[in-house]
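The following report looks at one chain, with attention to its charged pairs, its loops and its surface. Please keep the sequence and the coordinates at hand while reading.

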Amino acid sequence: SYWPVAKKDDAAIAPWTERSVFTIEKCKGCAVAPVCGGGCGVLGARHAGRPDEPRAPDCRPVKELYGLGAKFYRLGE
C-alpha cells in the first residue's frame with residue numbers, strides 16, 4: 001500500500017516471486033515454456049478465477065506466433 005505510509009506485504013508477494021515454468025504444473029511438459037515463461041501471471045490467475053494464484057498459466061499460441069514472425073521476416077526462404 002502507498003497511503004498513508006508506503007509498506008510492502010512480503011507474504012502476498014512471495015508466491016509471485018516464485019512463479020516460473022518450473023512451478024506451474026501445466027508448463028512442465030510444454031515445449032514452448034522456455035519461450036513464453038508461463039505467460040502473464042495476472043491474466044493466468046484471472047483465467048483460473050483466483051486473483052491470488054500465481055501458478056496458473058496464461059497459454060498463448062506461441063508456436064503459431066513464431067511462425068507468423070518467421071513468415072513476416074522471410075526466414076527460412
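Which residue forms a salt bridge with arginine 50, and how far apart are the closest N and O atoms? The partner is glutamate 53, and the closest N and O atoms of the two residues are 3.4 Å apart. Arginine 50 itself is partly exposed, with a relative accessible area of 42%. These values, like the others in this report, come from a predicted model. The mean pLDDT of the chain is 87, and 97% of its residues reach 70 or more. Confidence is highest in helix H2 (residues 33-36), at a mean of 91, and lowest in H4, where the mean is 81.

**Salt bridges**

The count of salt bridges comes to 5, and the table gives three pairs, including the one just described.

| Pair | Closest N to O distance |
|---|---|
| Aspartate 10 and lysine 8 | 3.5 Å |
| Arginine 55 and glutamate 18 | 3.3 Å |
| Glutamate 53 and arginine 50 | 3.4 Å |

Arginine 55 and glutamate 18 form a salt bridge, and because arginine 55 lies in the loop between H3 and H4 while glutamate 18 lies in the loop between H1 and H2, this pair ties together parts that are 37 residues apart in sequence. Each partner counts as partly exposed, arginine 55 at 36% relative accessibility and glutamate 18 at 45%. In the pair of aspartate 10 and lysine 8, by contrast, both residues are exposed.

**A buried arginine without a salt bridge**

Arginine 19, which is placed in the loop between H1 and H2, is buried and yet has no salt bridge. The nearest side chain of opposite charge is that of aspartate 58, at a distance of 6.9 Å, whereas the cut-off for a salt bridge is a nitrogen to oxygen separation within 4 Å. The side chain of arginine 19 does reach backbone oxygens: that of glycine 38 at 3.0 Å, and that of proline 54, which lies 2.7 Å from a polar atom of the arginine 19 side chain.

**Loops and backbone**

In the segment before helix H1 (10-17), where proline 4 is found, a cis peptide bond joins tryptophan 3 and proline 4, with omega at about 0°. Glycine 37 belongs to the loop between H2 and helix H3 (41-48), and with a relative accessible area of 34% this glycine is partly exposed. Glycine 37 and glycine 49 are 12 residues apart along the chain, and their C-alpha atoms are separated by 20 Å.

**H4 and the nonpolar patch**

Helix H4 spans residues 62-72, and phenylalanine 72 is placed within it. How many of the 11 residues of H4 are buried? The count is 1, so that H4 is hardly covered. Phenylalanine 72 is exposed, its relative accessible area being 63%, and together with Tyr73 and Leu75 this residue makes a nonpolar surface patch of about 430 Å². Arginine 74, which follows H4, has a positive phi near 55°. The description of this part should be read with the model's confidence in mind, as H4 is where the mean pLDDT is lowest in the chain.

Definitions and conventions. Residues numbered from 1 in each chain as written. Predicted model: local features only at pLDDT ≥ 70, side-chain atom pairs only at ≥ 80, totals over all residues. Heavy atoms only, no water. Patch = residues over 30% accessible without salt bridge, like charges linked within 9 Å, V, L, I, M, F, W, Y side chains within 5 Å. Areas by Shrake-Rupley, 256 points an atom, 1.4 Å probe, with all protein chains shown as cover. Helix = DSSP H or I, 4+ residues; strand = E, 2+ residues; numbered from the N terminus. Buried < 20%, exposed > 50% of the residue type's maximum accessible area, 1.4 Å probe, protein only. pLDDT = per-residue confidence, 0-100. Lys, Arg positive; Asp, Glu negative; His and termini not counted. Polar contact = N/O pair within 3.5 Å; in protein donor to acceptor, adjacent residues only side chain to side chain.
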